[in-house]
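This report is an introduction for a reader who has not met the structure before. It takes up the interior and then a few chosen residues.

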Amino acid sequence: MALRRRRHAVRCGGPDGAENADDLYGAAGYNASPAVTGGAAFALYLTIFRYGFRRHATYWGAALAGAFTNTVFGFLRAYVLIALWHARPGLAGYDVTDAITFCFLTQGFIGPMELFGGGLDLAQRVRTGDVALDLSRPASLQMWALADDLGRAVFLFVARSVPPTLVGAVVFGIHLPGDAATWAAFSASMTLGVVVSFGLRYLVAMSTFWIVDDRGVQSLSLVMTMFFSGMTLPLVLFPGWLGTLADALPWAAMVQVPADVFLGKRDVLGALAFQAAWVAALLAAGAAVTRTARRKVVIQGG
């Protein structure tokens, strides 16, 4: 597959004139020289993180509209769960307040975790050939994308996670951790969940190197995420072997595990180790796929 490297600047932002990828690279003080490592790499990826945050922070209106939608659907889910737990008190070791807390936490996860997919423009860049420029930089394509995605996640946490949770707390009442250690564990767990989400979405986007149109893979990924993450129903409700399987898959690390850490329903060290293992596996898989994809790219011209 021949991908033509374009002469024009490769955009990294939205239609409002946000900085492009070449501007980001130059702002960090780097050029097309040997691969950056150590402190220079950290400084580069920190710069990409900041620009990722700033680019998404341009769209406060869209973020707040998303937060409103998440809150409305949170109410609908909450009433369903209230009815279920009133009919089955103590179901799966949760009480009604635990179920409501789980509901509004997971509504808040939708933005940062990108539970509906997307969040990366990599697939589009493969189709246009702009990925050739990305691969020619002396920096990891995967780590570049991860740094940008973390900036996006931090902004959406503020804009789309906090409002639904606060509204749920005021209207229904939720459980809040009573100690700083649990808050710290939850922060670490949510960060690992975002990276797991990135790892899965990166693999889906990289599939475009082989299948050109990734819409089918995106749809399959959405179904798997919604069912096996705990977003549709808490995984603790899944019976027998299905619950065991769901709890072992990477999607559980995105929703069920962080929520259980917040609620104090799961051993913290075990939960973080589980998420870290999937982070390592998915990033390793992404690096391997990137190396394979690089051999498929032919840069014509320049």
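## The nonpolar interior

In this predicted model, the largest nonpolar core has 60 residues, and those with the most contacts inside it are F109, L115 and L122. Helix α8 supplies the largest share of this core, eleven residues. Apart from this core lies another one, of seven residues, among them Y45, I48, A139 and W144.

The surroundings of L115 can be followed residue by residue: leaving aside residues up to four places away in sequence, L115 touches T106, F109, I110, L222, T225, M226, M231, M254 and V255. One of these partners, F109, is itself named with L115 among the residues that have the most contacts inside the largest core.

## The cavity

The structure holds one cavity of 30 Å³ or more, and about 60 Å³ of space lies in the largest cavity. Its lining is made by E114, L115, G117, S197, L200, R201, S221, T225, W251 and M254, so that L115, a residue of the core, is also found in the wall of the cavity.

The elements that give two or more residues to this lining are α8 (180-206) and α10 (215-228), and α8 gives the most, with three residues. In character, the lining residues divide into four nonpolar, four polar and two charged.

## F155 in helix α7

F155 lies in helix α7, which spans residues 141-171. Is F155 buried or exposed? With a relative accessible area of 2%, which is under the 20% limit, F155 counts as buried.

When residues up to four places away in sequence are not counted, F155 touches F53, H56, A57, Y59, W60 and A63. For one of these, A57, the separation along the chain is 98 residues, although the C-alpha atoms of F155 and A57 are separated by 6.4 Å.

## Y94 in a loop

Y94 has its place in the loop between α3 (60-87) and α4 (96-113). Despite this place in a loop, Y94 is buried, with a relative accessible area of 3%.

The contacts of Y94, again not counting residues up to four places away in sequence, are with W85, A99, F102, V236, Q256, D260, L263 and K265. Among these partners, L263 is 169 residues from Y94 in sequence, while the two are 9.4 Å apart in space, C-alpha to C-alpha.

How values were computed. Residues are numbered from 1 along each chain as its sequence is written. This is a predicted model: local features need pLDDT of at least 70, side-chain atom pairs count only at pLDDT 80 or more; totals for chains, interfaces and linings use all residues. Side-chain values use heavy atoms; hydrogens and water are left out. Helices (H or I, at least four residues) and strands (E, at least two) are DSSP runs, numbered from the N terminus. Buried means under 20% relative accessible area, exposed over 50%, partly exposed in between (1.4 Å probe, protein chains only). Contact means heavy atoms within 4.5 Å. On a 1 Å grid over the protein atoms alone, a cavity is a set of points where a 1.4 Å probe fits but cannot get out, and a pocket is an open set with protein on both sides within 12 Å along at least five of seven lines; lining residues have an atom within 4 Å of a point. Grid points are joined across faces, edges and corners, and a volume is the space filled by probe spheres set on the points. Ala, Val, Leu, Ile, Met, Phe, Trp, Tyr, Cys and Pro count as nonpolar, Asp, Glu, Lys and Arg as charged, and the others, Gly among them, as polar. A nonpolar core is a set of buried Ala, Val, Leu, Ile, Met, Phe, Trp, Tyr and Cys residues joined through side-chain atoms within 4.5 Å.
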